[in-house]
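The following paragraphs lead through a structure, beginning with the pairing of its strands and ending with its cysteines. Please keep the sequence and the model in view while reading.

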Amino acid sequence: MMPTSSYRLSEIVAGLGAELRGDPDTEIVGLATLQSALPGQISFLANPSYVRHLADTRASAVIMSASVADQYPGNALILENPYFAYATLSHWFDPAPVAAPGIHPSAVVAPSAWVDDTASIGPQSVIEDDVVIGKGVVVGAGSIIGARCQLGEHSLLRPRVTLAHDVVIGKRCHILSGAVVGSDGFGLANEKGAWHRIAQIGRVVLADDVEVGANTTIDRGALDDTYIGNGVKLDNQVHIAHNVIIGDHCALAGKVGIAGSTRIGSHCVFGGACGVVGHVTIADNVHLTGMTMVTGDISEPGVYSSGTGSDTNRQWRKNAVRFRQLDSMARRIKDLEKKLESRDQTQ
């Protein structure tokens with residue numbers, strides 16, 4: 001069974017900085033959606049389309065904004081951003097096991113490595129030469145930490161994470177299972193039709209509060225470092241190529257691919273399966289919708305899209321034919337405009 005946490009509403013209100021309308025002594029033992037909540041659980045309303053569930057929810061309390069509070073007669077925790085409050089509260093009820101400090105007997109730790117006494121090194125982990133592991137760091141089972149890596153305070157590596165040599169991880173980073181940080185970039189030189197590998201001698205540097213999803217790969221720089229800024233969140237199966245620089249507080253959804261030497265500004269959001277070619281620059285506050293392909297610089301903030309939505313195959317084939325005719329159609333329209341302009345001038 002999962003461990004049970006229990007809090008009074010007064011404690012939750014104090015922790016979230018919320019306004020309470022209701023009974024401060026109500027006991028809360030879990031977190032759930034409006035539809036599935038049972039008595040003793042707290043829920044949240046962040047999307048207006050779910051207001052219809054307020055009347056039927058069995059939750060003992062609901063987190064919501066002031067704009068909908070009058071529609072709910074039960075215990076209400078009122079604040080400006082209910083979804084952020086839910087995110088905060090989710091950690092109070094997280095059943096994930098807490099790692100105990102210490103080095104598991106089956107772990108292999110090089111004599112030259114330095115591991116803080118408060119860190120936890122899981123079973124079958126390998127810590128290579130001259131690694132520095134800071135206060136409160138957790139290295140999950142089967143992880144490999146390459147030579148001269150540095151892991152900042154309170155960072156968490158789930159099982160089977162691989163850090164190649166000379167990777168720098170900031171404070172409070174969270175790296176999920178299967179992620180590979182510091183793999184060689186795709187650097188090749190062609191000589192007479194044959195490809196020859198270029199040694200990748202840069203590093204990967206993750207700033208503070210970075211999250212790296214499961215099976216995501218971040219390549220080391222060819223010469224300079226690949227750099228991931230503060231607070232960046234990378235979803236599962238994202239690929240960041242060598243020498244990419246990502247500014248602070250960006251969020252990249254699953255299967256995004258960023259080619260080499262691209263510079264991405266701060267506070268950017270990329271939807272799933274977006275692609276960015278190499279050697280381009282993207283401004284701050286750019287939002288790419290899902291499956292957008294970026295082939296050149298983006299110098300202005302805003303929302304960008306490419307590609308077409310799904311359709312029946314028959315209609316898509318017709319549209320594909322029209323797409324190939326766009327250039328000739330544009331030329332014909334231009335010719336017609338010139339003829340109309342000439343006719344208007346002669347009248």
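Two strands are said to pair if DSSP finds at least two bridges between them. The model examined here is a predicted one. Within it, Val62 of strand S6 stands opposite Ala76 in S7. The two strands S6 and S7 (residues 76-78) run parallel and are joined by three bridges. Val62 also has Ser43 opposite it. Here the pairing is between S6 and strand S5 (residues 41-44), again in the parallel sense and over three bridges.

These pairings belong to an open sheet of five strands, whose order is S2-S7-S6-S5-S4 and whose pairing is mixed. Strand S2 (19-21) and strand S4 (30-31) occupy the edges; each has a single partner strand, so one side of each lacks a neighbour in the sheet. Helix H1 (residues 9-16) packs on this sheet and touches S2, S5, S6 and S7, with a direction that makes about 15° with that of S7. Helix H3 (residues 82-90) lies across S4, S5 and S6, and runs at about 130° to S6.

How do the side chains of S6 point, and are they buried or exposed? In a regular strand the side chains alternate between the two faces of the sheet. In strand S6 (residues 61-64), Ala61 and Ile63 point one way while Val62 and Met64 point the other way, and all are buried.

Helix H1 has buried residues of its own, namely Leu9, Ile12, Val13 and Leu16. Viewed down the axis of H1, the buried residues fall within an arc of 100°, and therefore they line one face of the helix. Just after H1 comes Gly17, which takes a positive phi of about 70°.

The view may now be widened to the whole chain. The protein chain contains five helices and 39 strands. Its radius of gyration is 26 Å, well over the 20 Å that the globule rule gives for 347 residues, so the chain is more spread out than a compact globule. Along its principal axes, the C-alpha trace spans about 85 × 65 × 35 Å. Of the 347 residues, 39% are buried. Among contacts with a separation of 6 or more, 18% are between residues 24 or more positions apart.

The cysteines remain to be considered. A disulfide is a covalent bond between the sulfur atoms of two cysteines. How many disulfides does a search of the whole structure find? The result is zero. Why does Cys149 form no such bond? The closest cysteine sulfur, in Cys173, is 13 Å from that of Cys149, which is too far for a bond. Cys149 counts as buried because its relative accessibility is 0%. Cys250 is likewise in no disulfide, and the nearest cysteine sulfur, that of Cys268, is 4.4 Å away. The cut-off for a disulfide is a pair of cysteine sulfur atoms within 2.5 Å. Cys250 has a relative accessible area of 1% and is therefore buried.

Technical notes: Residues are numbered from 1 along each chain as its sequence is written. This is a predicted model: local features need pLDDT of at least 70, side-chain atom pairs count only at pLDDT 80 or more; totals for chains, interfaces and linings use all residues. Side-chain values use heavy atoms; hydrogens and water are left out. Buried means under 20% relative accessible area, exposed over 50%, partly exposed in between (1.4 Å probe, protein chains only). Helices (H or I, at least four residues) and strands (E, at least two) are DSSP runs, numbered from the N terminus. Contact means heavy atoms within 4.5 Å. Axes are lines fitted to C-alpha atoms, for helices over the stretch in contact, and angles run from 0 to 180 degrees between N-to-C directions. The arc is that of the directions from the helix axis to the C-beta atoms. The radius of gyration is taken over C-alpha atoms; the globule rule is 2.2 Å times the number of residues to the power 0.38.
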